[in-house]
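Dear colleague,

I am handing over the structure we talked about, which you will find directly below. Please have it open while you read the notes that come after it.

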Amino acid sequence: MRGEVEYPVPPLAEPEAVTLFCARTGLEPSEEIAELCASLDSLPLAVELAAARTKALTPAQILERLSQRLDLLKGGRDADPRQQTLRATIEWSYELLAQAEQQLFARLAVFAGGCTLEAAEEVADADLDTLQSLVEKSLLRFTPSEAGGRYWMLETIREYSAERLAAQREETIFFGRHGEYFAALARDTENSVAGRRRLANDH
């Protein structure tokens with residue numbers, strides 16, 4: 001729409017996430033709760049769902065089971081079906097993607113710490129328009145920098161994208177390409193450093 005202004009909704013700051021968790025549970029702030037919120041990327045929905053689980057688990061027990069976070073964290077019966085689990089929420093967004101967006105979303109799971117545009121293009125066959133679309137749909141984040149910026153996913157979302165990559169049976173292919181890309185990058189860096197050292201020694 002003409003005149004429309006987009007406002008990105010970032011994760012909560014850590015103190016805010018802890019405050020939300022404690023407000024929902026009646027528990028006092030603790031290191032375990034802070035760690036739990038950080039492990040959930042301080043996402044408001046994830047914190048709310050984790051708080052709901054304290055009716056049956058302690059924060060420490062929830063932390064121990066976070067490898068199953070997509071299904072472990074569930075809302076109450078009156079919650080919107082799309083928001084009853086983290087899986088349902090992310091899956092709802094995923095199903096709205098075009099096929100090319102779904103494909104790239106899954107492939108980007110190989111980048112645990114995020115990636116540059118060049119790495120995404122080389123490893124995942126990314127194109128700029130599809131990357132931008134994923135950013136606009138909040139399934140991918142972009143942090144600009146003097147070096148060109150990085151694309152990255154919240155860990156909760158990357159866990160789901162890794163499942164989609166496995167479902168597409170492309171794990172071996174794209175983790176292999178990821179390894180080859182960074183091995184070549186390491187060799188180029190080593191050769192560049194060695195070249196500068198030789199030049200310095202010659203002078």
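What follows is a short account of the salt bridges and of one helix pair.

Please keep in mind throughout that this is a predicted model. As general background, side chains of opposite charge can pair when their charged atoms come close. In this model the count comes to 8 salt bridges, and I describe some of them here.

The pair that may interest you links distant parts of the chain: the side chains of Glu 170 and Arg 107 form a salt bridge, with an N to O distance of 3.6 Å. Glu 170 sits in the loop between α10 (155-167) and α11 (171-202), while Arg 107 belongs to helix α7 (residues 99-107), and the two are 63 residues apart. Glu 170 counts as buried because its relative accessibility is 15%, under the cut-off of 20%, and Arg 107, at 10% relative accessibility, is buried as well.

A second salt bridge is found within a helix, where the closest N and O atoms of Glu 155 and Arg 158 are 3.4 Å apart. Both residues lie in helix α10, 3 residues apart, which is about one turn of the helix. Their surroundings can be told from the accessibilities, since Glu 155 is partly exposed at 32%, whereas Arg 158 is buried with a relative accessible area of 16%. Salt bridges that share partners also join Arg 107, Asp 125, Glu 170 and Arg 177 into one network, so that the Glu 170 and Arg 107 side chains described above are both members of this network.

There is also a salt bridge between the side chains of Arg 65 and Glu 64, at 3.8 Å from N to O. Here Arg 65 is partly exposed, with 31% relative accessibility, and Glu 64 is exposed, with a relative accessible area of 62%.

Turning to the helix pair, helix α1 (residues 14-25) packs against helix α2 (residues 31-39) at an angle of about 110°, and their axes are 9 Å apart. Because angles from 65 to 115 degrees count as roughly perpendicular, α1 and α2 are placed in that class, and their crossing is right-handed. On the α1 side the contact is made by Glu 14, Ala 17, Val 18, Phe 21 and Cys 22, and on the α2 side by Ile 33, Ala 34, Leu 36 and Cys 37. By class, this contact has 8 nonpolar residues, no polar residues and 1 charged residue, Glu 14 being the charged one.

With best regards

Notes
Residues numbered from 1 in each chain as written. Predicted model: local features only at pLDDT ≥ 70, side-chain atom pairs only at ≥ 80, totals over all residues. Heavy atoms only, no water. Salt bridge = Lys/Arg side-chain N within 4 Å of Asp/Glu carboxyl O. Buried < 20%, exposed > 50% of the residue type's maximum accessible area, 1.4 Å probe, protein only. Helix = DSSP H or I, 4+ residues; strand = E, 2+ residues; numbered from the N terminus. Axes fitted to C-alpha atoms, helices over the stretch in contact; angles between N-to-C directions. Parallel < 35°, antiparallel > 145°, perpendicular 65-115°, else oblique. Left-handed = near helix turned anticlockwise from the far one by under 90°. Contact = heavy atoms within 4.5 Å.
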